[in-house]
Amino acid sequence: MQQQWSAVDNYLIKALIPGDPVLDRVLENNHRAALQSLEALGECPAFDLIFIDADKPNNPHYLRWALRYSRPGTLIIGDNVVRDGEVVNPQSADERVQGVRQFIEMMGAEPRLTATALQTVGTKGWDGFTLAWVNA
Ligand SMILES: C[S@@+](CC[C@H](N)C(=O)[O-])C[C@H]1O[C@@H](n2cnc3c(N)ncnc32)[C@H](O)[C@@H]1O
């Protein structure tokens, strides 16, 4: 099922943005686990916008990859970082909460980033996202 959706996504994206070799490489690998497809990406120009929204325990790894493919001006967005307020609970046994906590701490300590977090309340409840601006 996952592979079928990947095929549909790839078809639509290629129809909208034809002939981009980096995008083609991303799409060739988007049926794989994200860390594997990132390993396969290789050399490519920095991205303008990076959206992190897969498995939260791996968020710290995704941030390292995001920094690798960033340049001054890149915007890195991380979704689902409030988690019903659990993100402020250092004792949480939820590995997603711990992944997000580490992700936010890494952003705060990273001199290349200026970052903030915003909370949201919607149909899915109380959550939020981080915005990080790459400044060097
Ligand atoms: C919170 S959903 C977000 C989906 C999409 N960004 C959206 O807003 O509709 C997380 C997605 O990450 C995918 N995912 C989870 N773990 C993953 C992994 N290790 N590699 C790639 N994708 C993963 C899930 O299948 C799911 O589709």
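Trainee: In what order do the elements of the protein chain run from the N terminus on?
Mentor: Helices (DSSP runs of H or I, at least four residues) and strands (runs of E, at least two) are numbered from the N terminus. This is a predicted model, in which local features need pLDDT of at least 70 and side-chain atom pairs count only at pLDDT 80 or more, while totals for chains, interfaces and linings use all residues. Residues are numbered from 1 along each chain as its sequence is written. The protein chain holds five helices and four strands, and its elements run α-α-α-β-α-β-α-β-β.

Trainee: What is the order of the strands in the open sheet?
Mentor: Two strands pair if DSSP finds at least two bridges between them, and the pairing in this sheet is mixed. β1 and β3 (113-122) are the edge strands, each pairing on one side only, and neighbouring strands are turned by 20° against each other on average, direction ignored. The order of the four strands is β1-β2-β4-β3.

Trainee: In which sense, parallel or antiparallel, does β2 pair with β4?
Mentor: Strands of a sheet pair through backbone hydrogen bonds, either parallel or antiparallel. β1 and β2 pair in the parallel sense over four bridges, with I50 standing opposite I76 in β2. Between β2 (residues 75-79) and β4, L75 stands opposite W133 of β4, and these two strands pair over five bridges in a sense that is antiparallel.

Trainee: Which residues form the covered face of β1?
Mentor: In a regular strand the side chains alternate between the two faces of the sheet. On β1, L49 and F51 belong to the uncovered face, whereas the covered face is formed by I50 and I52.

Trainee: At what angle does α4 run to β1?
Mentor: Angles run from 0 to 180 degrees between N-to-C directions, with axes taken as lines fitted to C-alpha atoms, for helices over the stretch in contact. α5 packs on the sheet, touching β2, β3 and β4, and its direction makes about 145° with that of β3. α4, for its part, lies across β1 and β2, and its angle to β1 is about 170°.

Trainee: How far apart are the axes of α4 and α5?
Mentor: Residues are in contact if their C-beta atoms, placed from the backbone, lie within 7 Å, and here N59, P60 and L63 of α4 meet G99, V100, Q102, F103, M106 and M107 of α5. With Ala, Val, Leu, Ile, Met, Phe, Trp, Tyr, Cys and Pro counted as nonpolar, Asp, Glu, Lys and Arg as charged and the others, Gly among them, as polar, these residues divide into six nonpolar, three polar and no charged. The two helices pack at an angle of about 35°, and their axes are apart by 8 Å.

Trainee: Which element gives the most residues to the largest nonpolar core?
Mentor: Such a core is a set of buried Ala, Val, Leu, Ile, Met, Phe, Trp, Tyr and Cys residues joined through C-beta atoms within 7 Å, where buried means 20 or more other C-beta atoms within 10 Å of the residue's own. Of its 17 residues, I52, L63, A66, I76, V100 and M107 touch the most other members. β1 (49-52), α4 (59-68), α5 (95-109) and β4 (125-134) each give two or more residues, and the element that gives the most, with five, is α5.

Trainee: Which residues surround the ligand?
Mentor: A residue counts as near a molecule if its C-beta atom, placed from the backbone, lies within 6 Å of it. The shell divides into three nonpolar, no polar and two charged residues, and its members are A33, A34, D53, A54 and D55.

Notes
A residue is buried if 20 or more other C-beta atoms lie within 10 Å of its own, exposed if 12 or fewer, and partly exposed in between; C-beta atoms are placed from the backbone. Two residues are in contact if their C-beta atoms, placed from the backbone, lie within 7 Å.
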